[in-house]
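Colleague: Could you take me through one part of this model closely, the place where the helices pack? I would like the cut-offs along the way, please.

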Amino acid sequence: MIATVLIVLDVIVCIALIASVLMQSGKGSGLSDAFGGGGGGAFFGKGNDVDTLMAKVTIGLGTAFGIITLALAKING
């Protein structure tokens with residue numbers, strides 16, 4: 001029973017973690033910058049509050065995912 005609840009919670013946290021990573025803006029050191037694609041950040045603004053919030057959300061979701069996964073391993077192991 002508890003394992004089923006943890007599995008469902010783990011899947012939900014996993015999907016939210018994937019979404020939070022995909023919603024973050026790049027840090028400007030990617031492959032697109034090597035070919036001149038780095039000019040878009042000046043128009044949209046870099047380092048705003050949304051990026052900081054998304055970074056904190058990603059850290060929290062990653063921590064939750066790790067803890068839940070370790071709990072599942074302990075229960076099923």
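In what order do the elements of the chain run from the N terminus on? And which residues make up the largest nonpolar core?

Modeller: Happy to. This is a predicted model, in which local features need pLDDT of at least 70 and side-chain atom pairs count only at pLDDT 80 or more, while totals for chains, interfaces and linings use all residues. Residues are numbered from 1 along each chain as its sequence is written, and side-chain values use heavy atoms, with hydrogens and water left out.

From the N terminus on, the elements run α-α-α-α. That is four helices and zero strands, where helices (H or I, at least four residues) and strands (E, at least two) are DSSP runs numbered from the N terminus. Confidence comes next: pLDDT is the predictor's confidence in each residue, from 0 to 100. The chain has a mean pLDDT of 83, with 73% of its residues at 70 or more. Among the elements, α1 has the highest mean, 96, and helix α3 (residues 40-44) the lowest, 50.

Now to your core. The largest nonpolar core consists of six residues, namely L6, V13, L17, L61, I68 and L72. Helix α1 and helix α4 (49-76) each supply at least two residues of this core. A nonpolar core here is a set of buried Ala, Val, Leu, Ile, Met, Phe, Trp, Tyr and Cys residues joined through side-chain atoms within 4.5 Å. Buried means under 20% relative accessible area, exposed over 50%, and partly exposed in between (1.4 Å probe, protein chains only). In soluble globular proteins, nonpolar side chains tend to be buried together.

Let us start with L6, a residue of helix α1. L6 counts as buried because its relative accessibility is 15%. Leaving out residues up to four places away in sequence, L6 touches I68, A71, L72 and I75; contact means heavy atoms within 4.5 Å. The C-alpha atoms of L6 and A71 are separated by 8.2 Å, although the two are 65 residues apart along the chain. A71 itself sits in helix α4 and is partly exposed, at a relative accessible area of 28%. A71 and A3 are 68 residues apart in sequence, with 8.9 Å from C-alpha to C-alpha.

Further along is L17, another member of the core. Setting aside neighbours within four places in sequence, L17 is in contact with T58, L61, G62 and F65. T58 belongs to helix α4 and counts as buried because its relative accessible area is 15%. Beyond residues up to four places away, T58 touches L17, S20, V21 and Q24. A16, in helix α1, is partly exposed at 30% relative accessibility. The C-alpha atoms of A16 and F65 are separated by 9.9 Å, with their positions 49 residues apart along the chain.

These long-range pairings fit the chain as a whole: among contacts with a separation of 6 or more, 92% join residues 24 or more positions apart. Of the 77 residues, 17% count as buried.

Finally, the outside. I15 is in helix α1 (residues 2-23) and counts as exposed because its relative accessible area is 54%. The chain exposes about 5700 Å², with carbon and sulfur atoms supplying 74% of it; accessible areas come from the Shrake-Rupley method with a 1.4 Å probe, and for residues only the protein chains shown count as cover.
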